[in-house]
Structures are given as structure tokens and as C-alpha cells.
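This report describes one protein model for a reader who has not met it before. It starts from a single residue and then widens to the chain as a whole.

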Amino acid sequence: MPSDSSGKTSFYLFISTLSFGSGWFSLSFVIPLLAQNIGFSYVVIGILGFLAALPFPVVAFIYLKSGYRMLRYGTVIPLLSLAALSLLFYFFYSSYFIPLTVIASIMQAPWWIATEISLGTFSGSRNAEKYSAGWGIPNALAPLIMGAILQISGYEIVFLVSMSAFIAGALTSPRPGILPEQKEVKPVKRIYLLSLFFAGIFSGFIYFVMEPVLRAQGFNYLIIGGVISLYGVVAAIGYIILNYARDLKISTYSALSALLIVPTAIIGVSLNLYTIVISVILAGFGVSIGMSKVLSYIAGSSDVKRGVFYYEMFFGTGFMAGSLLQDVLYQYIGKFTILLMFIIPLIYAVAILSGKWH
């Protein structure tokens, strides 16, 4: 496997991240659809979404005390494990869907967290940008491609694609360097991190609520893949724009991120493709603000490990609420609860902009 002395670590980081992203976003796209196809209820699908996010704050907390060995294991073992799980999905997805999905959800978390902590230790330049591009490209393209594959073939092809991608990621995974000890620069105002919580709510909602709901409403796999890919494309565009945008106060960015997620509430009144597309476009920009400007604020205030923990705690908790809570509400009360959930970010944004919360 590549080492820092090769002089190509930065390139390998991009290839490994691209490979992991291709494998994971392909696999994660089909999991809610497959659960709905097998016949699981929205509650069960929501539980799977909850379990997909739960390992992130837990693993991030564990990694607060990480050393080189933990970082290295975290960037390789998940890739090999997910490759093996993809093969098991190929043969046994109908019989062992729940345990395979739960194990896969647990195994993905260390890769993200170990890689994010290791970024500053790799040789080469602009590693954060290469990492973001590496997972951003498949985040935008994999759902559409997998939707097309599902439309003309079946789930088995997706599992083979994922397995191949994870193996490629393991073979190109760069070795992290030694992470210097850092101390917190200044206190983080956690009230501003709630925009990450709302970004997590939307992300959990779009994968583990909207996907199966759209399928139940009769939309084909290609359209569903297109909707999810639209989210990834808009978020990627947002990241690019924000690199050149004038810096504003963190309170303004947090409020703006939350406000752009609010229009998703319209789906609770009118569940059709037009309202879904509009909400996905606006929320995609909102999420990009939370995952760039707010994350940058965290990075400027904390050491690397603690910053990753803050991010994973707020975003992961939101993802759990957006998947499990909304699925339960949708199943037992109805789509009107979508309106109620996405009005909450409006209350937060108004409170921030009015100066009530500082």
C-alpha cells in the first residue's frame, strides 16, 4: 500500500476516497429501496437509518484518543470488511438483510473519521480538497448510475460494483503520518452547530424516508436515483461557490443553512416530483453551507480530533432524527409530520437572526 515517501500520497488519497465513495454511496442508495422491496415497514427502515448514523459520534468519541495505529486500521479495515460484506450481500441479501446492513453501517464509520483526522498528516497539498472531491463525485453520480442499473437489471450488480470499489480503495489507501498534539484554540459556540443537526435531519430524511416513499408512490428507480443525485450535485456546486463567497459571521451562515432546509416542509403538504425537486435543490445548498462554513468554524476553534467529534455528534444525531423519527411519524401519523419537522429549523434561524441566541 502507498506510503508517504512515495511522493504520491495526495493522489492515492483521492483515488482511495473516490473508490470508497463509489462503493459506499452505491450500497447506501440501494439499502432503503431493498428494505422497502423486501417488505419492511417505514419504522424498520428508520431504525436502519438510525443505526447507519449511530456509530459516527461513538467512533468519533473513541478516536479522541487515537494514535497512528488506530488511524491506520481505520483507513484500511473498513474497506476490506465492506468488500467482504458486499459479496455476502450478493449471495444472502434476501435472507440476512438486517444483520448485513447493520454490520456495514458500523464498519463505514471508522473510515470516515480516521481519514478526516489523518488529512493533515498526508504529504502533498490540498488534501482536504482532494478528499472532498473524492467522496463528492460518487455522492453526486452513484445514485443516478445505480438507479439506472436497478431499472434495467437488479441489486446483484450493485453489490459487485461496491465490492470492486472497496477493494480498489483498500489497495490505494495511503498511510497516515503522525498527528501532532493540538489544544483547543477557543471555545466553540455550540448553538451555531445546530445547523449541522438540521443538515443531518435532511440527509437522513432524503435517504431513509424519501427513497422508500417515492418507490411506494410508484416512481421508478431511475427517477429516485436522479433525485438523490440532484442533492449531491447541488451540494457540490454549493461547496465550490462557497470557496469564493465573501465571509460572513458564523451566526449568519448557521441561520442561512437552516433557512434553506425549511422548504422541505412543503413535501408534507404536496408530495409530488416538482415540490421534491425544489426542496432538494434548496436544501442541498443549505447542507453545503453547514458542511463547509460551519465545519470551517469548528476547525478554526478546535483541535482536529475534537472538531471531528463535534461535527459527527451534531450531524449524526440529526441524521438519526431525520430517518428514525420521521419514519415513525410518517407511518403512524402521515406525511403532515414532514411539515412539522422542517418548521423547526425556521424557529432556530429566526432566533439566531433576531439575536435571541448568541
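Valine 262 touches Phe342, Pro345 and Leu346, when residues up to four places away in sequence are not counted. The structure is a predicted model. Valine 262 sits in the loop that joins helix 10 to helix 11, the latter covering residues 273-301. Its relative accessible area is 12%, and because buried means under 20%, valine 262 counts as buried. From valine 262 to tyrosine 311 the distance in sequence is 49 residues, and the C-alpha atoms of the two are 21 Å apart.

**Helix 10 and helix 2**

Helix 10 comprises residues 250-261. Its buried residues are Ile250, Ser251, Tyr253, Ser254, Ala255, Ser257, Ala258 and Ile261. An α-helix has 3.6 residues a turn, so residues three or four places apart point the same way.

Helix 2 runs over residues 42-53. Buried in helix 2 are Tyr42, Val43, Ile45, Gly46, Leu48, Gly49, Ala52 and Ala53. These buried residues pack against helix 1 (9-38), helix 3 (55-62), helix 5, helix 8 and helix 12 (304-332). The table sets out the spans of helix 10 and helix 2, from end C-alpha to end C-alpha.

| Helix | Length | Span in the model | Expected span at 1.5 Å a residue |
|---|---|---|---|
| Helix 10 (250-261) | 12 residues | 17 Å | 16 Å |
| Helix 2 (42-53) | 12 residues | 17 Å | 16 Å |

For helix 10 the span is close to the expected value, and for helix 2 the span agrees with it.

**Two residues in other helices**

Threonine 101 belongs to helix 5, which covers residues 97-118. With a relative accessible area of 1%, threonine 101 is buried. Apart from neighbours within four places in sequence, threonine 101 is in contact with Ile31, Leu48 and Phe89. Of these partners, Leu48 is one of the buried residues of helix 2.

Leucine 194 is part of helix 8, residues 194-216. Is leucine 194 buried or exposed? Leucine 194 counts as partly exposed, at 25% relative accessibility. Neighbours within four places in sequence aside, leucine 194 has contacts with Phe314 and Tyr348. Leucine 194 and methionine 210 are 16 residues apart along the chain, and 22 Å separates their C-alpha atoms.

**The chain as a whole**

How many helices and strands does the protein chain have? There are 13 helices and zero strands. In sequence order, the pattern of the chain is α-α-α-α-α-α-α-α-α-α-α-α-α. The radius of gyration is 19 Å, close to the 21 Å that the globule rule gives for 358 residues, so the chain is as compact as a globular protein of that length. Along the principal axes, its C-alpha atoms fill a box of roughly 55 × 55 × 30 Å.

Of the 358 residues, 55% count as buried. Among contacts with a separation of 6 or more, 86% are made by residues 24 or more positions apart. The exposed area of the protein chain is about 14800 Å², and carbon and sulfur atoms supply 69% of that area. The chain carries 19 positive and 11 negative charges, and the mean positions of the two sets are 6 Å apart.

Notes:
Residues numbered from 1 in each chain as written. Predicted model: local features only at pLDDT ≥ 70, side-chain atom pairs only at ≥ 80, totals over all residues. Heavy atoms only, no water. Helix = DSSP H or I, 4+ residues; strand = E, 2+ residues; numbered from the N terminus. Rg over C-alpha atoms; globule rule 2.2 N^0.38 Å. Buried < 20%, exposed > 50% of the residue type's maximum accessible area, 1.4 Å probe, protein only. Contact = heavy atoms within 4.5 Å. Areas by Shrake-Rupley, 256 points an atom, 1.4 Å probe, with all protein chains shown as cover. Lys, Arg positive; Asp, Glu negative; His and termini not counted. Charge placed at Lys NZ, Arg CZ, Asp CG, Glu CD. Expected span 1.5 Å × (residues − 1).
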